[in-house]
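Here is a report on one chain, written for a reader who works with coordinates. It goes from single residues to the fold, then to the empty spaces.

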Amino acid sequence: MKQLLTITICLFLFGNIYAQDSVTYKKNQIRDFKIVPLPAIGSNPANGWLFGVAPSATWRMGNPEDTHLSNLVGNFLYTTKKQWIFSSRSNIFLSEDKWILWGDWRYFITSQPTFGLGSTAPNAPTENPNQAGVLWGEQQMDFSWFRFYEAVLKRISDSKFYLGIGYHLDIYSKIENFLDTEAGPTELIFSHDYYNAQLGFSEERYTLSGITINGLFENRDIAVSPYEKNFALVSYKINPKFLGSEKTSSSLLLDYRHYFNLSDRRKRHLIGVWGLGNFLVSGDLPYMSLPSIGYDTFGRGGRGYAQGRFRGETMVYAETEYRFPLQKEKETFGGTLFINASSFGSKMTQEKLLENINAAYGVGLRVMINKENRTTITADYGFGKKGNSGFYLNVNETF
């Protein structure tokens with residue numbers, strides 16, 4: 001879902017598993033383990049207010065001089081829209097950064113508005129001018145979503161490059177469509193149902209299962225809150241029918257991030273740039289598996305719009321964020337200004353990629369609660385087109 005958003009509302013505890021008086025580092029031994037069992041509250045347009053627990057853990061699997069900090073973030077949340085959200089996301093660096101392990105596990109009993117395909121859907125429900133008899137604009141969906149993603153990447157020699165494979169599984173079930181208002185055109189077909197029926201997918205349940213081939217360049221200083229350098233990912237997803245997918249298909253994900261320091265003395269003073277592309281390469285995907293705004297791994301993209309506001313077979317997204325400290329010497333408080341833009345293409349509606357662009361902008365506050373690993377509480381307000389806007393609370397930087 002868009003932003004599994006959390007903010008600390010109490011002091012946190014630290015726990016050390018291993019003694020710190022030894023300078024001998026064993027390979028892949030967990031050291032400097034710290035867990036923050038956060039009671040949490042959050043907010044975003046797709047979920048409303050969220051309440052629950054959001055435990056976060058950081059540790060090292062080797063010498064700090066040559067091994068990145070590993071991180072795991074969990075969410076156990078209930079929302080004011082009567083949703084249940086359970087998730088665990090991990091980024092683990094083994095000793096000397098020779099291997100990286102990625103994990104993304106989720107189970108949601110949730111709801112979300114969908115607006116149809118492409119970049120031009122209106123806010124209010126109406127008939128799609130490009131699809132006679134089909135709804136366009138806001139339509140509500142209730143559904144359950146199970147996800148299991150795991151990937152293993154091997155470092156190439158002593159470089160910053162990694163290659164690896166992974167397995168991915170998404171199961172959408174108990175899907176129901178409805179309109180919030182009785183004034184809507186109820187005689188029309190829901191966008192989700194029309195798309196799936198045209199391509200031979202079920203309207204109530206479907207599965208996407210397959211493997212990923214991944215190439216990674218990891219050069220950030222701390223992955224959860226970088227101050228410098230860059231990151232790049234190329235991920236080719238193959239969804240064969242014999243592994244459980246409804247149809248055989250493939251897609252390509254491109255992700256690049258760069259951080260430009262503006263001060264040698266205050267590394268927190270920087271400009272971050274993020275570019276994301278997601279493209280259907282072959283076959284067909286079910287509706288909820290199509291590229292969509294806010295469906296990056298941590299649900300951070302598209303501030304100013306609700307998750308799922310735009311959707312299509314092809315997607316490009318770009319964001320620039322100016323980050324700066326708010327105190328002369330201390331690092332506790334910081335701020336940010338951001339702007340983003342996205343575009344979606346759809347074969348079904350014959351809308352071309354970059355034909356229409358949706359931009360958003362906003363401002364944010366940062367509170368650093370742990371300087372060593374840069375654990376940061378973030379609060380942002382974003383403004384999009386057509387009256388779209390949203391308030392976002394989170395842990396760690398957007399990208």
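Where is the place of Phe242? Phe242 sits in the loop between strand S12 (229-239) and strand S13 (249-261). The model is a predicted one.

## Loop residues

Phe242 is exposed, because its relative accessibility is 73% and the cut-off for exposed is over 50%. Its C-alpha atom lies 59 Å from that of Glu329, and 87 residues separate Phe242 and Glu329 in sequence.

Most residues other than glycine have a negative phi. Lys82 and Ser157 depart from this pattern: Lys82 is not a glycine but has a positive phi of about 60°, and Ser157, also not a glycine, has a positive phi of about 55°. Lys82 belongs to the loop between strand S4 (70-79) and strand S5 (84-93). Ser157 belongs to the loop between S9 and S10. Lys82 counts as exposed because its relative accessibility is 67%. Ser157 counts as exposed too, at 63%.

## Overall fold

How many helices and strands are there in the protein chain? The chain has 1 helix and 19 strands. Its radius of gyration is 21 Å, close to the 21 Å from the globule rule for 399 residues, so the chain is as compact as a globular protein of that length. Along the principal axes, the C-alpha atoms fill a box of roughly 70 × 45 × 35 Å. Buried residues make up 56% of the 399.

Contacts over long stretches of sequence are frequent: among contacts with a separation of 6 or more, 62% join residues 24 or more positions apart. One pair shows how far apart in sequence two positions in the fold can be. Val36 and Thr375 are 339 residues apart along the chain, yet their C-alpha atoms are separated by 9.8 Å. Val36 is part of strand S2 (residues 31-44). Val36 is buried, with a relative accessible area of 10%.

## The helix

Helix H1 spans residues 191-199. Which of its residues are buried? They are Ser191, His192, Asp193, Tyr195, Asn196 and Leu199. The cover over these buried residues includes strand S8 (135-136), strand S9 (139-155), strand S10 (161-178) and S11. An α-helix has 3.6 residues a turn, so residues three or four places apart point the same way. After H1 comes Gly200, with a positive phi near 85°.

## A buried glutamate

Is Glu218 buried or exposed? Glu218 is buried, because its relative accessibility is 3% and the cut-off for buried is under 20%. Glu218 lies in strand S11 (residues 206-218). Its side chain makes a polar contact of 2.7 Å with the side chain of Arg220. Leaving out residues up to four places away in sequence, Glu218 touches Phe93, Lys160, Tyr162, Asn230 and Phe231. Two of these partners turn up again at the largest pocket: Arg220, the polar partner, and Lys160, a contact, are both among the residues closest to its centre.

## Pockets and cavities

Rolling a probe the size of a water molecule over the atoms shows where empty space is left. The largest pocket holds about 310 Å³. It is lined by 19 residues, and the closest to its centre are His68, Asp97, Lys160, Arg220 and Asp221.

The second largest pocket has a volume of about 160 Å³. Its lining includes Pro45, Lys81, Phe115, Glu138, Arg309 and Ser389.

How many cavities of 30 Å³ or more does a search of the whole structure find? It finds 3. The second largest cavity has a volume of about 80 Å³. Its lining has 13 residues, with Ser225, Tyr227, Arg268, Arg323 and Glu397 closest to the centre. Strand S15 (314-325), strand S16 (333-345) and strand S17 (358-370) each give at least two residues to this lining.

The linings break down by class as follows.

| Space | Nonpolar | Polar | Charged |
|---|---|---|---|
| Largest pocket | 4 residues | 4 residues | 11 residues |
| Second largest pocket | 4 residues | 4 residues | 3 residues |
| Second largest cavity | 5 residues | 4 residues | 4 residues |

Terms used: Residues are numbered from 1 along each chain as its sequence is written. Side-chain values use heavy atoms; hydrogens and water are left out. On a 1 Å grid over the protein atoms alone, a cavity is a set of points where a 1.4 Å probe fits but cannot get out, and a pocket is an open set with protein on both sides within 12 Å along at least five of seven lines; lining residues have an atom within 4 Å of a point. Grid points are joined across faces, edges and corners, and a volume is the space filled by probe spheres set on the points. Ala, Val, Leu, Ile, Met, Phe, Trp, Tyr, Cys and Pro count as nonpolar, Asp, Glu, Lys and Arg as charged, and the others, Gly among them, as polar. Helices (H or I, at least four residues) and strands (E, at least two) are DSSP runs, numbered from the N terminus. Buried means under 20% relative accessible area, exposed over 50%, partly exposed in between (1.4 Å probe, protein chains only). A polar contact is a pair of N or O atoms within 3.5 Å; within protein, one must be able to donate a hydrogen and the other to accept it, and residues adjacent in sequence count only if both atoms are side-chain atoms. Contact means heavy atoms within 4.5 Å. The radius of gyration is taken over C-alpha atoms; the globule rule is 2.2 Å times the number of residues to the power 0.38.
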